Amino acid sequence: VQLQASGGGSVQAGGSLRLSCSTSEKILLVNTMAWYRQSPGGEREMVASQSFGGRTNYADSVKGRFTISRDNGKSTVVLQMNSLNPGDTAVYYCNRNWRGLDWWGQGTQVTVSS
């Protein structure tokens, strides 16, 4: 099943962006959903995740600024990003994990200027 990410763009430091990942209701019910990011020359890192039971986990660098949530009615996973800084500039990827298996959506670029 596809993971369709959207919502990236350019913003100034201190601003906000909202990323959305569209999938299917069935996927949301049984998968851990997550957002990862990869900056130029860097490794892909987990930003935020949410289990199908609702438990969330965040990278230390985004705690208190980013929020991951699900809208089961819309079959969407949302990453609300506030107080953005240039260090958040990266390509962001939607991910689903089921029993140790990963599926990836296409990336969406987020650029934060100072």
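A polar contact here is a pair of N or O atoms within 3.5 Å; within protein, one must be able to donate a hydrogen and the other to accept it, and residues adjacent in sequence count only if both atoms are side-chain atoms. Keep that in mind for the stops below.

This is a predicted model, in which local features need pLDDT of at least 70 and side-chain atom pairs count only at pLDDT 80 or more, while totals for chains, interfaces and linings use all residues. Residues are numbered from 1 along each chain as its sequence is written, and side-chain values use heavy atoms, with hydrogens and water left out.

**Whole chain**

Start with the cartoon view. The protein chain has one helix and 11 strands; helices (H or I, at least four residues) and strands (E, at least two) are DSSP runs, numbered from the N terminus. Read from the N terminus, the order is β-β-β-α-β-β-β-β-β-β-β-β. The radius of gyration is 13 Å, close to the 13 Å that the globule rule gives for 114 residues, so the chain is as compact as a globular protein of that length. That radius is taken over C-alpha atoms, and the globule rule is 2.2 Å times the number of residues to the power 0.38.

Rotate the C-alpha trace. Along its principal axes it spans about 40 × 25 × 25 Å. Now switch on the surface. About 6000 Å² is exposed, and carbon and sulfur atoms supply 46% of it. Such areas come from the Shrake-Rupley method with a 1.4 Å probe; for residues, only the protein chains shown count as cover. Of the 114 residues, 39% count as buried. Buried means under 20% relative accessible area, exposed over 50%, and partly exposed in between (1.4 Å probe, protein chains only).

**Stop 1: Arg-65 and Asp-88**

Select Arg-65. This residue is in the loop between strand S6 (56-58) and strand S7 (66-71). Is Arg-65 buried or exposed? At 15% relative accessibility, Arg-65 counts as buried. Show its side chain and that of Asp-88: a polar contact of 2.8 Å joins the two. Contact in general means heavy atoms within 4.5 Å. Beyond four places in sequence, Arg-65 is in contact with Gln-80, Met-81, Asn-82, Ser-83, Leu-84, Asn-85 and Asp-88.

**Stop 2: Met-81**

Move on to Met-81, in strand S8. Its relative accessibility is 0%, so Met-81 counts as buried. Draw a line between the C-alpha atoms of Met-81 and Arg-65. They are 16 residues apart along the chain and separated by 6.1 Å. Other contacts of Met-81, outside its neighbours within four places, include Leu-17, Phe-66, Tyr-92 and Val-110.

**Stop 3: Arg-37**

Tyr-92 leads to the next pick. Select Arg-37 in strand S4 (residues 32-38). At 6% relative accessibility, Arg-37 counts as buried. Which side chains make polar contacts with the side chain of Arg-37? One is that of Ser-61, at 3.4 Å. Another is that of Tyr-92, at 2.9 Å. Asp-88 appears here too: among the residues in contact with Arg-37, leaving aside neighbours within four places, are Glu-45, Phe-66, Asp-88 and Val-91.

**Stop 4: Thr-108**

Go to Thr-108, in strand S11 (residues 108-113). At 10% relative accessibility, Thr-108 counts as buried. Show its side chain. A polar atom there lies 3.2 Å from the backbone nitrogen of Gly-8. Thr-108 also touches residues including Ala-5, Leu-19, Ala-90 and Tyr-92, not counting those up to four places away in sequence.

**Stop 5: out to the loops**

Select Pro-40, in the loop between S4 and strand S5 (45-50). With 77% relative accessibility, Pro-40 counts as exposed. Now add Leu-29, which is 11 residues away along the chain; the two C-alpha atoms are separated by 33 Å.

Next, Ser-83, in the loop between strand S8 (76-81) and strand S9 (90-98). Ser-83 counts as partly exposed, at 44% relative accessibility. Check its backbone: phi is positive, about 50 degrees, although Ser-83 is not a glycine.

End at Arg-99, in the loop between S9 and strand S10 (101-104). Arg-99 is exposed, with a relative accessible area of 72%. What is the phi of Arg-99? It is positive, about 55 degrees, although Arg-99 is not a glycine.
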